[in-house]
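Open the model in a viewer and set it to cartoon, with side chains ready to switch on. The stops below go from a helix to the sheet beneath it and back.

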Amino acid sequence: MAEKSTMKTNVMRVLDQKKVAYSHHCYADTGAISGAEVAEALHQDPNRAFKTLVTTGKSKTHYVFMVPVLEELDLKKAAAAVGEKSIEMLKSKELLGLTGYVHGGCSPIGMKKQFHTVIHQTAAAYDTIMFSAGKIGYQVELPLTDLQKVIPVQVADVIVEHAPA
């Protein structure tokens, strides 16, 4: 079972500096890799566990999108949300140099540069949301409104719609 850890990540230090309350969770000893596995390891609703995706617009501007771990970013909706003609996912090999984070440990807080960030609108339906604490094995949990106190976050519908079963 995942336990709390006393290790502080850069994300946690930023939240502490901004005096934003949060919970932190460690799943490093669980073997969880995917977002769904992380949510399960932490006994959390995967609908309120968000992954952080970095993209590049046609204009070569970079954008960050946060979507529930079980969902897929709709590139057309994402482009429309930020006023781009098109958007594509950033190549994994470019992630560390651009953000300072590795794949699986990317957080919207504490990147080398603050990029325009958009979170899927379902985040507003939950008291708290979870996302990477900036290191594989660690998550932070806080209300969306508190995340918006730390970084500017736009709320929009940016996931692929699934046909009803």
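Begin with the buried residues of helix H1, which pack against strands S1, S6 and S7 and against helix H5 (144-150). The model is a predicted one.

Show the side chains of Val-11, Met-12, Val-14 and Leu-15: these are the buried residues of H1. On which side of H1 do they lie, the same side or opposite sides? Look down the axis: the four cover an arc of only 160 degrees, so they are on the same side of H1. In general, an α-helix has 3.6 residues a turn, so residues three or four places apart point the same way.

Next, go to the residue that follows H1. This is Lys-19, and its phi is positive, near 60 degrees.

Now select the sheet. Three strands make up an open sheet, ordered S1-S7-S6, with antiparallel pairing. Strands S1 (23-26) and S6 (129-132) are at the edges; each has a single partner strand, so one side of each lacks a neighbour in the sheet. From one strand to the next, the twist averages 30 degrees.

Zoom in on S1 and S7 (residues 138-142), which are paired antiparallel over 4 bridges. To find one contact between these strands, pick Ser-23, whose bridge partner in S7 is Glu-141.

Finally, bring H1 (residues 10-17) back into view over the sheet. H1 packs on the sheet and touches S1, S6 and S7. Set against the direction of S7, the direction of H1 makes an angle of about 25 degrees.

Note on methods
Residues numbered from 1 in each chain as written. Predicted model: local features only at pLDDT ≥ 70, side-chain atom pairs only at ≥ 80, totals over all residues. Heavy atoms only, no water. Pairing = 2+ DSSP bridges. Helix = DSSP H or I, 4+ residues; strand = E, 2+ residues; numbered from the N terminus. Axes fitted to C-alpha atoms, helices over the stretch in contact; angles between N-to-C directions. Contact = heavy atoms within 4.5 Å. Buried < 20%, exposed > 50% of the residue type's maximum accessible area, 1.4 Å probe, protein only. Arc of directions from axis to C-beta.
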